[in-house]
Amino acid sequence: MGESKDVGIEDYDVLLLATQEQFDIYWAQCVPLLDKVITQAMHGEMTTDDIYDMALQGQMYVFVCKKDGGDYPDVKFTLVMEIVKYPKLAAMNIVAIGGSHLDAFFDKFWDRLCGWAFINGVRAIEALVSPAMAKIISKFGFKQTYTHMRLNLTED
């Protein structure tokens, strides 16, 4: 997807958090980014603690757009994904996107992330998103496949 159009992240790199040490370094910066999206866009499915626990167990993948240096690393963007097990399709679902510089992240890192997914056997990336987020990610090649609906059995 070309070079980043946003001068704000040229010194940043993407990292898949894979070890406890990496989570110890970067997770505190991820929490406020993810809490915001969980509060505004999710409907009680999970918390940041759930994401943390599942990622440490290898059930979710946390990617960060980060810059090291100073007292604490700076994390501009966090992307959480999970494997979806279909009988005939290896897919990953975007669980949460938190932070700023979404366009710049996609411009600079999306091809690399898709390459990593493909090398690891993934053949589709999907997301359950709000209509507003669907409009945003459609410019990155996502297309509507289904309409997700829910009946909440705990509401009157």
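This briefing covers the nonpolar cores, helix α1 and the cysteines. The model is predicted. Its largest nonpolar core has 23 residues, and a second, separate core has 21. Helix α1 bends by about 55° at Tyr-26. The disulfide count is zero.

**Nonpolar cores**

- Within the largest core, the residues with the most contacts are Leu-79, Phe-105 and Trp-110.
- Four elements each give two or more residues to this core: β2 (61–67), β3 (74–85), β4 (90–99) and α3 (102–119).
- Helix α3 supplies the largest share, eight residues.
- Beyond its neighbours within four places in sequence, Phe-105 touches Ile-9, Val-14, Cys-65, Phe-77, Leu-79, Trp-110 and Leu-113.
- The second core includes Trp-27, Ile-38, Ala-55 and Val-95.

**Helix α1**

- Helix α1 spans residues 20–41, with its bend at Tyr-26.
- Tyr-26 is also one of the buried residues of α1.
- The others are Phe-23, Trp-27, Cys-30, Leu-33, Leu-34, Val-37 and Ile-38.
- The cover over these buried residues includes β1 (13–17), α2 (48–56), β2, β3 and β4.

**Cysteines**

- Why is Cys-65 in no bond with Cys-30? The sulfur of Cys-30 is the closest cysteine sulfur to that of Cys-65, but at 11 Å it is too far for a bond.
- A disulfide needs the two sulfur atoms within 2.5 Å.
- Cys-30 is buried, with a relative accessible area of 0%.
- Cys-65 is buried too, at 1%.
- Cys-65 is among the contacts of Phe-105, while Cys-30 belongs to the buried set of α1.

Key. Residues are numbered from 1 along each chain as its sequence is written. This is a predicted model: local features need pLDDT of at least 70, side-chain atom pairs count only at pLDDT 80 or more; totals for chains, interfaces and linings use all residues. Side-chain values use heavy atoms; hydrogens and water are left out. A nonpolar core is a set of buried Ala, Val, Leu, Ile, Met, Phe, Trp, Tyr and Cys residues joined through side-chain atoms within 4.5 Å. Buried means under 20% relative accessible area, exposed over 50%, partly exposed in between (1.4 Å probe, protein chains only). Contact means heavy atoms within 4.5 Å. The bend at a residue is the angle between axes fitted to the seven residues ending there and the seven starting there.
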